[in-house]
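Work through the exercises below with the sequence and the model open. Each task is followed by a solution in steps.

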Amino acid sequence: SASYQPRVISFEGISPLVLGGHWLPEMKTLAGGIDPLQEPGSLAQRVNWQKVRACAPEILILTPCSSSPLQTLSEVNILASMPGWWSIPAVHKGEVYIVDHAYFSRPGPRLVDGIELLAHIFHPDLVDLSWRQEASRNILKFTLRNGQRCNPKQLASHFKPYLAENHADGHKKQVTL
(Lines give C-alpha, C1' and ligand atoms only; values in the text may rest on other atoms or scores of the structure.)
Protein backbone atom coordinates (compact mmCIF):
# COMPACT_ATOMS: atom_id res chain seq x y z
CA SER A 1 0.00 0.00 0.00
CA ALA A 2 1.17 3.51 -0.80
CA SER A 3 1.78 5.84 2.12
CA TYR A 4 1.75 8.89 -0.17
CA GLN A 5 -1.57 9.88 -1.79
CA PRO A 6 -1.27 12.48 -4.58
CA ARG A 7 -3.96 15.12 -5.12
CA VAL A 8 -5.73 14.11 -8.33
CA ILE A 9 -8.33 15.95 -10.37
CA SER A 10 -10.05 14.41 -13.37
CA PHE A 11 -12.00 16.16 -16.07
CA GLU A 12 -14.64 14.51 -18.17
CA GLY A 13 -15.17 17.76 -20.02
CA ILE A 14 -12.70 20.47 -21.02
CA SER A 15 -14.99 23.09 -22.54
CA PRO A 16 -16.76 23.62 -20.21
CA LEU A 17 -14.64 22.15 -17.40
CA VAL A 18 -16.52 19.21 -15.91
CA LEU A 19 -15.20 17.03 -13.09
CA GLY A 20 -15.47 13.27 -13.60
CA GLY A 21 -18.21 11.97 -11.34
CA HIS A 22 -20.20 8.94 -10.27
CA TRP A 23 -17.73 6.18 -9.40
CA LEU A 24 -14.59 7.98 -10.71
CA PRO A 25 -13.91 9.84 -7.41
CA GLU A 26 -14.02 6.51 -5.54
CA MET A 27 -11.82 4.86 -8.19
CA LYS A 28 -9.17 7.53 -7.56
CA THR A 29 -9.32 6.82 -3.83
CA LEU A 30 -9.07 3.05 -4.37
CA ALA A 31 -6.08 3.63 -6.66
CA GLY A 32 -4.26 5.54 -3.93
CA GLY A 33 -5.05 9.15 -4.74
CA ILE A 34 -7.02 11.96 -3.12
CA ASP A 35 -9.61 13.96 -5.02
CA PRO A 36 -9.72 17.36 -3.28
CA LEU A 37 -12.87 18.49 -5.11
CA GLN A 38 -15.17 15.48 -4.97
CA GLU A 39 -16.35 12.83 -2.56
CA PRO A 40 -16.99 9.26 -3.74
CA GLY A 41 -20.36 9.07 -5.46
CA SER A 42 -20.40 12.74 -6.49
CA LEU A 43 -22.08 13.54 -9.76
CA ALA A 44 -20.13 14.97 -12.68
CA GLN A 45 -20.22 18.74 -12.21
CA ARG A 46 -18.92 21.92 -13.75
CA VAL A 47 -15.99 23.47 -11.94
CA ASN A 48 -14.45 26.91 -11.84
CA TRP A 49 -10.82 27.05 -13.02
CA GLN A 50 -9.78 29.05 -9.94
CA LYS A 51 -10.98 26.18 -7.74
CA VAL A 52 -8.81 23.75 -9.70
CA ARG A 53 -5.77 26.02 -9.35
CA ALA A 54 -6.38 26.45 -5.61
CA CYS A 55 -6.28 22.67 -5.13
CA ALA A 56 -2.82 22.49 -6.73
CA PRO A 57 -3.39 19.01 -8.21
CA GLU A 58 -0.31 16.83 -8.49
CA ILE A 59 -1.90 14.69 -11.20
CA LEU A 60 -4.46 15.68 -13.84
CA ILE A 61 -6.49 13.03 -15.65
CA LEU A 62 -8.26 14.16 -18.83
CA THR A 63 -10.94 11.65 -19.72
CA PRO A 64 -13.69 13.46 -21.64
CA CYS A 65 -16.83 11.43 -22.14
CA SER A 66 -17.77 10.54 -25.70
CA SER A 67 -14.30 11.48 -26.88
CA SER A 68 -11.30 9.34 -27.73
CA PRO A 69 -7.85 10.25 -26.37
CA LEU A 70 -6.88 11.52 -29.83
CA GLN A 71 -9.99 13.70 -30.03
CA THR A 72 -9.18 15.10 -26.57
CA LEU A 73 -5.82 16.29 -27.92
CA SER A 74 -7.65 18.83 -30.06
CA GLU A 75 -8.99 20.48 -26.86
CA VAL A 76 -5.91 20.55 -24.59
CA ASN A 77 -4.90 23.97 -25.90
CA ILE A 78 -7.96 25.34 -24.06
CA LEU A 79 -6.42 24.27 -20.75
CA ALA A 80 -3.00 25.72 -21.60
CA SER A 81 -4.66 29.07 -22.33
CA MET A 82 -6.10 29.30 -18.81
CA PRO A 83 -4.38 31.58 -16.29
CA GLY A 84 -1.93 29.68 -14.11
CA TRP A 85 -1.90 26.48 -16.20
CA TRP A 86 1.90 26.30 -16.17
CA SER A 87 2.09 26.80 -12.39
CA ILE A 88 -0.08 23.79 -11.52
CA PRO A 89 2.15 21.12 -9.93
CA ALA A 90 0.83 18.37 -12.25
CA VAL A 91 1.74 20.43 -15.31
CA HIS A 92 5.14 21.45 -13.93
CA LYS A 93 6.02 17.79 -13.21
CA GLY A 94 4.59 16.39 -16.48
CA GLU A 95 1.87 14.45 -14.63
CA VAL A 96 -1.00 15.18 -17.02
CA TYR A 97 -2.62 12.17 -18.69
CA ILE A 98 -5.29 11.63 -21.30
CA VAL A 99 -7.06 8.33 -20.67
CA ASP A 100 -9.83 6.62 -22.64
CA HIS A 101 -13.11 7.36 -20.86
CA ALA A 102 -14.28 3.75 -21.35
CA TYR A 103 -12.20 2.75 -18.30
CA PHE A 104 -14.33 4.95 -16.05
CA SER A 105 -17.79 5.11 -17.61
CA ARG A 106 -19.24 1.64 -18.01
CA PRO A 107 -20.17 -0.54 -15.05
CA GLY A 108 -18.47 -3.92 -15.09
CA PRO A 109 -15.01 -5.50 -15.03
CA ARG A 110 -13.48 -2.68 -17.04
CA LEU A 111 -13.78 -0.44 -13.97
CA VAL A 112 -11.23 -2.70 -12.26
CA ASP A 113 -8.93 -2.10 -15.23
CA GLY A 114 -9.52 1.63 -14.74
CA ILE A 115 -8.54 1.43 -11.06
CA GLU A 116 -5.39 -0.48 -12.01
CA LEU A 117 -4.51 2.14 -14.66
CA LEU A 118 -4.99 4.92 -12.12
CA ALA A 119 -2.98 3.05 -9.49
CA HIS A 120 -0.10 2.73 -11.94
CA ILE A 121 -0.28 6.42 -12.87
CA PHE A 122 -0.37 7.44 -9.19
CA HIS A 123 2.23 4.91 -7.98
CA PRO A 124 4.37 3.62 -10.88
CA ASP A 125 6.97 2.25 -8.45
CA LEU A 126 4.35 0.05 -6.79
CA VAL A 127 2.01 -0.96 -9.62
CA ASP A 128 3.28 -2.43 -12.87
CA LEU A 129 1.06 -2.64 -15.94
CA SER A 130 3.57 -4.08 -18.40
CA TRP A 131 1.42 -7.21 -18.46
CA ARG A 132 -1.43 -5.00 -19.67
CA GLN A 133 0.16 -3.32 -22.67
CA GLU A 134 -3.16 -3.13 -24.50
CA ALA A 135 -4.57 -1.05 -21.64
CA SER A 136 -1.59 1.27 -21.39
CA ARG A 137 -1.85 2.11 -25.10
CA ASN A 138 -5.02 4.03 -24.24
CA ILE A 139 -3.03 6.56 -22.20
CA LEU A 140 -1.28 9.68 -23.50
CA LYS A 141 1.18 11.46 -21.18
CA PHE A 142 2.31 15.07 -21.17
CA THR A 143 6.05 15.13 -21.89
CA LEU A 144 7.10 18.64 -20.85
CA ARG A 145 8.46 18.88 -17.28
CA ASN A 146 10.43 21.01 -14.88
CA GLY A 147 8.92 24.27 -16.01
CA GLN A 148 9.24 23.69 -19.76
CA ARG A 149 6.51 25.54 -21.66
CA CYS A 150 5.10 25.81 -25.14
CA ASN A 151 2.58 27.84 -27.06
CA PRO A 152 -0.94 26.59 -26.11
CA LYS A 153 -1.57 25.70 -29.77
CA GLN A 154 1.43 23.34 -29.62
CA LEU A 155 0.42 21.59 -26.40
CA ALA A 156 -1.10 18.57 -28.17
CA SER A 157 2.25 17.75 -29.75
CA HIS A 158 3.70 17.25 -26.26
CA PHE A 159 1.46 14.30 -25.39
CA LYS A 160 2.90 10.90 -26.29
CA PRO A 161 1.67 7.32 -25.88
CA TYR A 162 2.40 6.15 -22.38
CA LEU A 163 3.48 2.55 -22.08
CA ALA A 164 3.44 1.08 -18.61
CA GLU A 165 6.97 -0.29 -18.90
CA ASN A 166 8.46 3.14 -19.65
CA HIS A 167 9.31 4.32 -16.15
CA ALA A 168 11.54 7.30 -15.56
CA ASP A 169 14.47 5.12 -14.51
CA GLY A 170 13.98 2.64 -17.38
CA HIS A 171 13.41 -0.33 -15.08
CA LYS A 172 10.34 -2.51 -14.88
CA LYS A 173 8.60 -2.40 -11.54
CA GLN A 174 7.24 -5.25 -9.49
CA VAL A 175 3.54 -6.06 -9.64
CA THR A 176 1.94 -5.54 -6.24
CA LEU A 177 -1.75 -5.91 -7.09
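**Exercise 1: a buried acid and its partner**

Glutamate 95 has a relative accessibility of 18% and counts as buried, where buried means under 20% relative accessible area, exposed over 50%, and partly exposed in between (1.4 Å probe, protein chains only). This is a predicted model, in which local features need pLDDT of at least 70 and side-chain atom pairs count only at pLDDT 80 or more, while totals for chains, interfaces and linings use all residues. Residues are numbered from 1 along each chain as its sequence is written, and side-chain values use heavy atoms, with hydrogens and water left out.

Task: find which residue forms a salt bridge with glutamate 95, and where the two lie.

Solution.
- Step 1. A salt bridge is a side-chain nitrogen of Lys or Arg within 4 Å of a carboxyl oxygen of Asp or Glu.
- Step 2. The partner of glutamate 95 is lysine 141, with the closest N and O atoms 3.8 Å apart.
- Step 3. Lysine 141 is in strand β6 and glutamate 95 in the loop between α5 (89-92) and β5, so that the pair links distant parts of the chain, 46 residues apart. Helices (H or I, at least four residues) and strands (E, at least two) are DSSP runs, numbered from the N terminus.
- Step 4. Lysine 141 is buried as well, its relative accessible area being 9%.

**Exercise 2: the other salt bridges**

Task: the structure holds three salt bridges; describe the one of glutamate 58 and the one of lysine 28.

Solution.
- Step 1. Glutamate 58 meets arginine 7, at 3.4 Å from N to O.
- Step 2. Glutamate 58 lies in the loop between α2 (49-55) and β4, and arginine 7 in the segment before β1, so this pair ties together parts that are 51 residues apart in sequence.
- Step 3. Glutamate 58 is buried at 11% relative accessible area, whereas arginine 7 is partly exposed at 30%.
- Step 4. Lysine 28 meets aspartate 35 at 2.5 Å, N to O, and both residues are buried.

**Exercise 3: the sheet**

Task: give the strand order of the sheet and say which strands stand at its edges.

Solution.
- Step 1. Two strands pair if DSSP finds at least two bridges between them.
- Step 2. The open sheet has seven strands in the order β3-β2-β1-β4-β5-β6-β7, and its pairing is mixed.
- Step 3. At the edges are β3 (45-46) and β7 (159-161); each has a single partner strand, so one side of each is left without a neighbour in the sheet.
- Step 4. β1 and β4 run parallel, joined by four bridges, with phenylalanine 11 partnered by leucine 62 in β4.
- Step 5. β4 and β5 are also a parallel pair, over three bridges; leucine 60 stands opposite valine 96 in β5.
- Step 6. β5 and β6 pair in the antiparallel sense over three bridges, and tyrosine 97 faces lysine 141 in β6.
- Step 7. β6 (residues 139-142) and β7 are antiparallel over three bridges, with phenylalanine 142 opposite phenylalanine 159.

**Exercise 4: the faces of two strands**

Task: which buried residues cover the faces of β4 and of β5?

Solution.
- Step 1. In β4, Ile59 and Ile61 are buried on one side, and Leu60 and Leu62 on the other.
- Step 2. In β5, Val96 and Ile98 are buried on one side, and Tyr97 and Val99 on the other.
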